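Colleague: I should like to understand the reasoning behind the terms used for this model. May I put some questions to you?

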Amino acid sequence: MNKIKKIFQEEVACLIDAVKNGNNPYHTFSLSTINNDYPESRTIVLRKFILEPFKIFFNADYRSQKVTQLRDSHNCTALFYDKDRRVQVRCKCIAKIHHNNALSKKVWDNTALQSRKCYMGEFPPSQELQSWNPNIPKEYLKTDPEKKDSEKGYINFTHIELEIMEIDVLQLHHDGHIRFKVDNSNKYSYLAP
Ligand SMILES: Cc1cc2nc3c(=O)[nH]c(=O)nc-3n(C[C@H](O)[C@H](O)[C@H](O)COP(=O)(O)O)c2cc1C
């Protein structure tokens with residue numbers, strides 16, 4: 001068990017580094033939600049990872065399909081893969097949506113103007129369009145909004161907390177893969193790769 005505990009600590013360190021380090025492959029992950037009976041996956045930027053209890057955080061447009069899907073079913077999966085280190089980390093999660101509350105406000109206050117404009121689009125994400133439209137106010141395509149105007153985006157901004165129930169780690173080796181899971185009570189179990 002000591003071996004997998006050590007591997008897990010390394011993965012946790014990598015996830016923490018990935019929050020600020022865009023070169024770390026764990027900086028983005030694939031989030032899968034349930035759309036009726038159909039799985040939907042998309043790329044997401046990791047904004048925060050905490051260890052006790054295991055949680056992942058990211059930002060999204062409240063009007064987006066992923067948020068609708070998470071409101072319908074809180075169950076989702078976050079999948080990370082580091083190609084160079086040949087490690088996959090799969091997290092089974094339950095989502096909590098922070099919209100127009102103290103936490104979303106705190107995160108919004110620390111969100112750069114450049115990122116804020118992404119929440120100022122007139123169309124809900126995924127709406128069908130008659131022609132190309134980047135869904136950012138035209139005047140901000142090449143510049144960032146003033147802070148005062150950027151506040152218009154706040155109503156569309158959500159910060160999403162994923163409470164991790166179980167983490168499945170797979171480390172690929174030419175002489176035998178290592179796979180194990182860790183649950184939210186810190187129980188470690190080897191799994192057949
Ligand atoms: C590199 C990359 C990072 C992305 N990060 C986010 C993100 O942090 N939050 C988000 O809502 N969408 C993000 N997206 C866009 C989503 O992948 C997706 O295309 C969009 O949000 C619509 O998804 P939905 O219709 O399932 O809600 C990112 C896309 C790419 C390519």
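Modeller: The discussion below takes up the ligand, the strand pairing and a helix of this predicted model.

Colleague: Which residues around the ligand are the closest, and how many surround the ligand?

Modeller: The ligand is surrounded by 14 residues, the closest being Arg42, Ala60, Ser64, Gln65 and Lys66. Strand E2 (38-45) gives the largest share of this shell, five residues. Strand E4 (55-61) and helix H2 (65-72) each supply at least two. By type, the shell has five nonpolar, six polar and three charged residues.

Colleague: What makes strands E5 and E6 a pair?

Modeller: Two strands pair if at least two bridges are found between them. Strand E5 (residues 75-82) and strand E6 (residues 87-99) have eight, in the antiparallel sense, so they satisfy that criterion. Phe80 has Val89 in E6 as its bridge partner. Four residues lie between the strands of this hairpin, where Arg86 takes a positive phi near 55 degrees.

Colleague: How do you know that E6 and E7 pair?

Modeller: E6 and strand E7 (residues 157-171) are joined by 13 antiparallel bridges, and the criterion asks for at least two. Ile97 stands opposite Ile160 in E7.

Colleague: Why are the buried residues of H2 said to line one face of the helix?

Modeller: The buried residues in H2 are Lys66, Val67, Gln69 and Leu70. Viewed down the axis of H2, they fall within an arc of 160 degrees, and therefore line one face.

Colleague: What covers these buried residues of H2?

Modeller: The cover includes strand E1 (28-35), E2, E4, E5, E6 and E7.

Note on methods: Residues are numbered from 1 along each chain as its sequence is written. This is a predicted model: local features need pLDDT of at least 70, side-chain atom pairs count only at pLDDT 80 or more; totals for chains, interfaces and linings use all residues. A residue is near a molecule or strand if its C-beta atom, placed from the backbone, lies within 6 Å of it. Ala, Val, Leu, Ile, Met, Phe, Trp, Tyr, Cys and Pro count as nonpolar, Asp, Glu, Lys and Arg as charged, and the others, Gly among them, as polar. A residue is buried if 20 or more other C-beta atoms lie within 10 Å of its own, exposed if 12 or fewer, and partly exposed in between; C-beta atoms are placed from the backbone. The arc is that of the directions from the helix axis to the C-beta atoms. Two residues are in contact if their C-beta atoms, placed from the backbone, lie within 7 Å.
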